[in-house]
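Work through the exercises below with the sequence and the model side by side. Try each task before reading its solution.

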Amino acid sequence: MQKSDNNPIRPKETFFGFWLKSTAVKIAFVAILIVCAVVVARHYMKKTVDTSTPLQIVTNQSIDITPSQIRSIEQIGKWSFLEVSDEEIVDTIRRGFFSDDELVRIYYGTLRLGVDTRQAHEGWIAMRGDTLCATLPPVKLLDNDFIDETRTRSFIETGKWSHQDRMLMYNRADAMMRRRCLTRQNYQTARQNAKTQFENLLRSMGFEYVKVDFEK
């Protein structure tokens, strides 16, 4: 019996062709998975960026005065802001029966007005906001022994004079120099000089805004 020519026999598929088709399917499947993974990852990343708090970098540029800096200023101690030089002539006469004795002496002195930072009260210098505020002790005469005795000279000296007599003249010269030099104007000048120099000192330490005042 002969086979009909209308049903031709298909050639038998080789192993290489089957393997090639199977590999192509796998590659296509993997590619689809990769594309899906990329889409999902992008969506998740966009959502995270949109909902997360933005990163902020804040630089703290404010500075504060340290205890060691305060101690270094306090250790300055007596700081003179005005020096006033003076000379006074003091004379005394001692009446005698036959003649008078006379002593005339010239005294030189330098009176220094300023502050003693070691006498500052606790918390006298501190930050208030962005301003460094300093409250200085009152301006005063820094040294009571301002007469230079090595320069004292007797202009006129007749008769004999005791150490007590000379001390009385010294005390008179001291009082005369105080009256002449310790004036309100000189105190005001010393305070202004102190304020200016302290402000310059604090600015040189890196503080832009400073305020200097004095204890009442």
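**Exercise 1. Count the salt bridges, then place the pair Arg-112 and Glu-83.**

Solution. Start with the rule: a salt bridge is a side-chain nitrogen of Lys or Arg within 4 Å of a carboxyl oxygen of Asp or Glu. The count comes to nine. This is a predicted model, in which local features need pLDDT of at least 70 and side-chain atom pairs count only at pLDDT 80 or more, while totals for chains, interfaces and linings use all residues. Residues are numbered from 1 along each chain as its sequence is written, and side-chain values use heavy atoms, leaving out hydrogens and water.

Now take the pair. The closest N and O atoms of Arg-112 and Glu-83 are 3.3 Å apart. Arg-112 sits in strand S2 (residues 101-116) and Glu-83 in strand S1 (residues 78-94), so name the elements by their rule: helices (H or I, at least four residues) and strands (E, at least two) are DSSP runs, numbered from the N terminus. The two residues are 29 apart, and the pair links distant parts of the chain.

Finish with exposure. Buried means under 20% relative accessible area, exposed over 50%, and partly exposed in between (1.4 Å probe, protein chains only). Arg-112 counts as partly exposed because its relative accessibility is 36%.

**Exercise 2. Which parts of the chain does the salt bridge of Asp-86 and Arg-180 tie together?**

Solution. First, the distance: the closest N and O atoms of Asp-86 and Arg-180 are 3.7 Å apart. Second, the elements: Asp-86 lies in strand S1 and Arg-180 in helix H3 (residues 163-181), so the pair ties together parts 94 residues apart in sequence. Third, the surroundings. Asp-86 is buried, at 12% relative accessibility. Arg-180 is exposed, at 52%. Fourth, the contacts, meaning heavy atoms within 4.5 Å. Not counting residues up to four places away in sequence, Asp-86 touches Tyr-107, Tyr-108, Gly-109, Met-177, Arg-180 and Cys-181.

**Exercise 3. Is each partner in the salt bridge of Asp-116 and Arg-118 buried or exposed?**

Solution. The closest N and O atoms of this pair are 3.2 Å apart. Asp-116 has a relative accessible area of 6%, so this residue is buried. Arg-118, at 56%, counts as exposed. Elsewhere, salt bridges that share partners join Asp-86, Glu-88 and Arg-180 into one network.

**Exercise 4. Work out the strand order and pairing of the open three-stranded sheet.**

Solution. Two strands pair if DSSP finds at least two bridges between them. The order is S3-S4-S7, with mixed pairing. The edges are strand S3 (125-128) and strand S7 (209-214), each pairing on one side only. On average, neighbouring strands are turned by 25 degrees against each other, direction ignored. (Axes are lines fitted to C-alpha atoms, for helices over the stretch in contact; angles run from 0 to 180 degrees between N-to-C directions.)

Take the pairs in turn. S3 and S4 run antiparallel, joined by four bridges. Met-127 stands opposite Leu-132 in S4. The S3-S4 hairpin has two residues between the strands, and Gly-129 there takes a positive phi near 70 degrees. Strand S4 (residues 131-136) and S7 run parallel, joined by six bridges. Thr-131 has Tyr-209 in S7 as its bridge partner.

Add the helix. Helix H4 (residues 184-204) lies across S3, S4 and S7, at about 150 degrees to S7.

**Exercise 5. Where in the chain is confidence lowest, and where is it highest?**

Solution. Use pLDDT, the predictor's confidence in each residue, from 0 to 100. The chain averages 81, and 71% of the residues score at least 70. Helix H1 (residues 15-51) is lowest, at a mean of 56. Strand S5 (residues 140-141) is highest, at 98. Over residues 48-53, pLDDT stays under 50, and the model has zero contacts there beyond four places in sequence. Residues 55-60 also stay under 50, again with zero such contacts. Where pLDDT is low, the predicted coordinates should not be read in detail.

**Exercise 6. List the elements of the chain and give its buried share.**

Solution. The chain has four helices and seven strands. From the N terminus on, they run α-α-β-β-β-β-β-β-α-α-β. Of the 216 residues, 26% count as buried. Among contacts between residues at least 6 apart in sequence, 79% join residues at least 24 apart.
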